[in-house]
Amino acid sequence: MTTRYEVAPGYRVNVRSGPSTKYPIVRALPLGATVAIYCQKYGEWVGGPYGTTNIWDSIAPGEYVSDAYVHTGSDEMVAPRCS
């Protein structure tokens with residue numbers, strides 16, 4: 001079973017095609033969403049409700065959200081590094 005993590009309450013988080021705000025928006029997560037993190041990689045620094053981080057979470061192939069908006073309970077990576 002895959003662990004799911006809550007997205008920050010009150011935020012419709014943009015999902016991007018890569019680990020930076022410079023990548024195009026693929027879609028937006030609905031309010032109250034949870035996500036499975038398949039792998040993580042370092043990218044652009046982003047500040048959000050859970051701090052400032054350069055960790056980006058891959059929630060599906062070609063779909064990334066900043067870890068600053070995902071409640072993982074850790075400032076470190078909680079999933080394998082994306083290849």
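Strands here are DSSP runs of E of at least two residues, numbered from the N terminus, and on that numbering Pro80 falls in the segment after strand 8. The structure is a predicted model, and this briefing takes up its disulfide, the residues around that link, its aromatic pair and its largest pocket. A search of the whole structure finds one disulfide, and a search of the same scope finds one aromatic pair.

**Disulfide**

- The disulfide is formed by Cys39 and Cys82, whose sulfur atoms lie 2.0 Å apart.
- Because Cys39 belongs to strand 5 and Cys82 to the segment after strand 8, the link ties together parts that are 43 residues apart in sequence.
- The torsion about the S-S bond of Cys39 and Cys82 is about 95°, and the disulfide is therefore right-handed.
- With the limit for a buried residue set at under 20% relative accessible area, Cys39 counts as buried at 17%, and Cys82 is likewise buried, with a value of 13%.

**Contacts involving strands 5 and 6 and the segment after strand 8**

- Pro80, in the segment after strand 8, is separated from Cys39 by 41 residues in sequence, while the C-alpha atoms of Pro80 and Cys39 are 4.9 Å apart in space.
- Whereas Cys39 is buried, Pro80 is exposed, because its relative accessible area of 53% is above the 50% limit for that class.
- Gln40 is found in strand 5 and is buried, with a relative accessible area of 0%.
- A polar atom of the side chain of Gln40 lies 3.0 Å from the backbone nitrogen of Ala79.
- Asp57, which is found in strand 6, also counts as buried, at 0% relative accessibility.
- The C-alpha atoms of Asp57 and Arg81 are 9.5 Å apart in space, and the two residues are 24 residues apart in sequence.

**Aromatic pair**

- In the one aromatic pair that the search finds, the rings of Tyr11 and Tyr69 have their centres 5.3 Å apart and their planes at 70°, so the pair is edge-to-face, given that planes over 60 degrees apart are assigned to that class.
- Tyr11 lies in the loop between strand 1 (4-7) and strand 2 (14-16), and Tyr69 in the loop between strand 7 (63-66) and strand 8, so the pair ties together parts that are 58 residues apart in sequence.
- Tyr11 counts as partly exposed, since its relative accessibility is 36%, a value that falls between the limits of 20% and 50%.

**Largest pocket**

- The largest pocket holds about 200 Å³ of space.
- The lining of the largest pocket is made up of 16 residues, and those nearest its centre are Tyr50, Thr53, Asp67, Ser74 and Asp75.
- At least two lining residues are supplied by each of strand 5 (39-48), strand 6 (51-60) and strand 8 (70-71).
- Strand 6 gives the largest share of the lining of the largest pocket, namely five residues.
- Sorted by class, the lining of the largest pocket has eight polar, six nonpolar and two charged residues.

Methods. Residues numbered from 1 in each chain as written. Predicted model: local features only at pLDDT ≥ 70, side-chain atom pairs only at ≥ 80, totals over all residues. Heavy atoms only, no water. 1 Å grid on protein atoms, 1.4 Å probe; cavity = no way out; pocket = protein on both sides within 12 Å on 5 of 7 lines; lining within 4 Å. Points joined across faces, edges and corners; volume = space filled by probe spheres on them. Helix = DSSP H or I, 4+ residues; strand = E, 2+ residues; numbered from the N terminus. Nonpolar A, V, L, I, M, F, W, Y, C, P; charged D, E, K, R; others polar. Phe/Tyr/Trp six-rings, centres within 6.5 Å; stacked < 30°, edge-to-face > 60°. Buried < 20%, exposed > 50% of the residue type's maximum accessible area, 1.4 Å probe, protein only. Disulfide = S-S within 2.5 Å. Polar contact = N/O pair within 3.5 Å; in protein donor to acceptor, adjacent residues only side chain to side chain.
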